[in-house]
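Trainee: Could we look at this one together? I would like to learn how each label is earned.

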Amino acid sequence: MEFIGGKFLQVVIALAAFAAIIGLIMLLVDRAPKSAKDKVTIVGFLAPAAILMLVGLVYPALQTSLLAFTDAKGQPNGVDNFVWMFTQPEALATLRNTVIWTVLVPLLATGFGLAYAVFIDKARGERVLKALVFMPMAISFVGAGIIWKLVYDYRGPGIEQTGVINYLRVALGMDPKQFLLDAPENTIFLIIVMVWIQTGFAMVILSAAIKGVPVELVEAARLDGANPWQQFRNVTVPGIRGALVVVLTTITIATLKVFDIVRTMTAGNYDTSVVANEMYTQAFRAGEPGRGAALALILFLLVLPIVVYNARVLRQQREIR
Amino acid sequence: MTVMPAPDEAANASSTKTRGGLPPNGSPEDSEPIMRRVKSKLTSRWATAAAVIIATVWTIPTFGLLVSSFRPAAKQVGPRSDGWWNFFGDWQFTFKNYVDVTAAAGSQSANLSQYFANSIAIVIPVTVFVLVLASMAAYIFAWGNFKGREAAFIFVFALQIIPLQMALIPLLTLFTQVLQIPPGSYAQLWIAHTMFGLPLGIFLLHNFISEIPGEVIEAAKVDGAGHTTIFWRIILPLSVPALASLAIFQFLWVWNDLLVALVFSGGTADVAPITQRLAEISGTRGARDYLNPAAAFVSIIVPLAVFFGLQRYFVRGLLSGGLKG
């Protein structure tokens, strides 16, 4: 087990170096002359994070934007990469799939999450029921891919099925189906995996929001003769609107960036690729960093409206405070 | 800002009012028409049934993986194989898959214990780095006094949403060609993960730190405490709940990552995390497919343990952070 020792040493050295840097910053801030103390503090506390974010996110984002207008050799090629994206059938399929993902995943995950949160509200064993649906959040996309292969597994007709759904299909007298191979519906079967992961997240947030709706309001509606559906529709939903928006946008962003599910389950073959996966394939496998960058830029443009919206909500909240 | 109540607190608050679906104390339950009472009982029964069905459907895939991982190779692949549910009729149980995937025996073996150690060696420093740097920045954004503070904070918030895909190519070039960080060391992964974790970390911690009462900080200042003392002696101890939830968050996120690992690890057994190895062995279909469930379970056991052990803090972190209604 000597390899563990080497890794352990590297970790200790890294942590010690980090502690030394932080210690130095604290020392400098403490020793600064009184007149400049506030300025030195701000710089000292903010600089490490600011530098890392500028180098790790802002600079690469700008760099990628430029790269999107170059060819495989790094020569400027105008908008060729974008023309490629919007004309090649494979690239178009990628864009189409991304749109399907970002429409279906947030709606389904939020829908299931909301329904489940309402169903288990005040039910016996609420805590356990919550944990079961929330659990997929803790599982990596790669692990989820392997888990779902067991569900979607396919064997030829006449052979004992090892996948749950195909076993049920055969038992019901249907033919087994190649869930991950048959386009276009295979995209739906990948989407189900993402919904499985995200529903727990939606459920936890919405469940907390539902509990925040004043009991008196629900009670008043009930006494006015509203049936459970009307209570839900007219009292609960308006009461949790803010949480619904947050859940929808958060899941939409996560979905736009989804990469691992497609990568591990189909590697983007059989017409299932999405922008995030295609970007990786083009930039790191096909030797076309320009195309990859162009796809990343499109991804950013898709996310941008959501950023602007969230930033505005955030600013409003800060003004209220 | 309205903070959503943590679910357990809210559950306590509401369950005292309406336990077991009974109307609140004093309401004239007996005078209520019997029909309506029966109907509402039935609706809640249907709702519970629906909830149990959803919970079952959601749990079966993971349960199937767990069962599969204990089944002998011949039952999982090849002519004698069948579905994992046959395990219950045909009780054949083995630990051999787990021994096989974790043993370090040549380049052909899954060698998971080595990758497992890599994951731990990647996750721990990143979590520490992000916690310390993000709390320092969050403190300044919450209590520092400088021009453009609001705008800078909104900018950091927006950074959360830059797709990592956009950052990868330039960052890889920067690391290997400009900064000369050797590929195949942990350093690239540590730095990259820290960079990507900071915006969310600052955002989550800021929300918590800014709600610390100003009087506490003023009192310390009157006593002559400087910023460093206030930060280490007051802010950090008071922020333990938020720090705990961010730590879990960051831990799960880095442990489960594949994309950053694929780009920065170089893919060697010295550095690559367990997710990357898992993707490799599950990507090559073949006679060793029977190892996949055991391998997957080895990789998800730590996050599951963290999740079930620290679920409360994790959920609280989700709720006190960027997710306000």
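Here is a short talk about how the terms apply to this predicted model.

Trainee: What makes chain A a chain of helices and no strands?

Mentor: A run must have at least four residues to count as a helix and at least two to count as a strand. By that rule chain A comes to 14 helices and 0 strands.

Trainee: How do you know how chain A compares with a compact globule?

Mentor: For 321 residues, a compact globule would have a radius of gyration near 20 Å, whereas chain A has 25 Å. The C-alpha atoms of chain A fill a box of roughly 80 × 60 × 55 Å along the principal axes.

Trainee: Why are some residues of chain A called buried?

Mentor: They are called buried because their relative accessible area is under 20%. In chain A, buried residues make up 52% of the 321 residues.

Trainee: How do you know that chain B and chain A are in contact?

Mentor: Contact needs heavy atoms within 4.5 Å. With that cut-off, 118 residues of chain B are in contact with 111 residues of chain A. About 10400 Å² is buried between the two chains, and carbon and sulfur atoms give 77% of that area.

Mentor: Helix H5 (residues 112-143) of chain B gives the most to the side of chain B that touches chain A, with 15 residues. By class, that side of chain B has 80 nonpolar, 29 polar and 9 charged residues.

Trainee: How many salt bridges does the rule find across the interface of chain B and chain A?

Mentor: A salt bridge needs a side-chain nitrogen of Lys or Arg within 4 Å of a carboxyl oxygen of Asp or Glu. The rule finds 0 across this interface. Polar contact, though, is counted for 8 residue pairs between chain B and chain A.

Definitions and conventions. Residues are numbered from 1 along each chain as its sequence is written. Chains are lettered from A and ligands numbered from 1 in the order in which they are written. This is a predicted model: local features need pLDDT of at least 70, side-chain atom pairs count only at pLDDT 80 or more; totals for chains, interfaces and linings use all residues. Side-chain values use heavy atoms; hydrogens and water are left out. Buried area is the accessible area (1.4 Å probe) that two parts lose on being put together, summed over both. A polar contact is a pair of N or O atoms within 3.5 Å; within protein, one must be able to donate a hydrogen and the other to accept it, and residues adjacent in sequence count only if both atoms are side-chain atoms. Ala, Val, Leu, Ile, Met, Phe, Trp, Tyr, Cys and Pro count as nonpolar, Asp, Glu, Lys and Arg as charged, and the others, Gly among them, as polar. The radius of gyration is taken over C-alpha atoms; the globule rule is 2.2 Å times the number of residues to the power 0.38. Buried means under 20% relative accessible area, exposed over 50%, partly exposed in between (1.4 Å probe, protein chains only).
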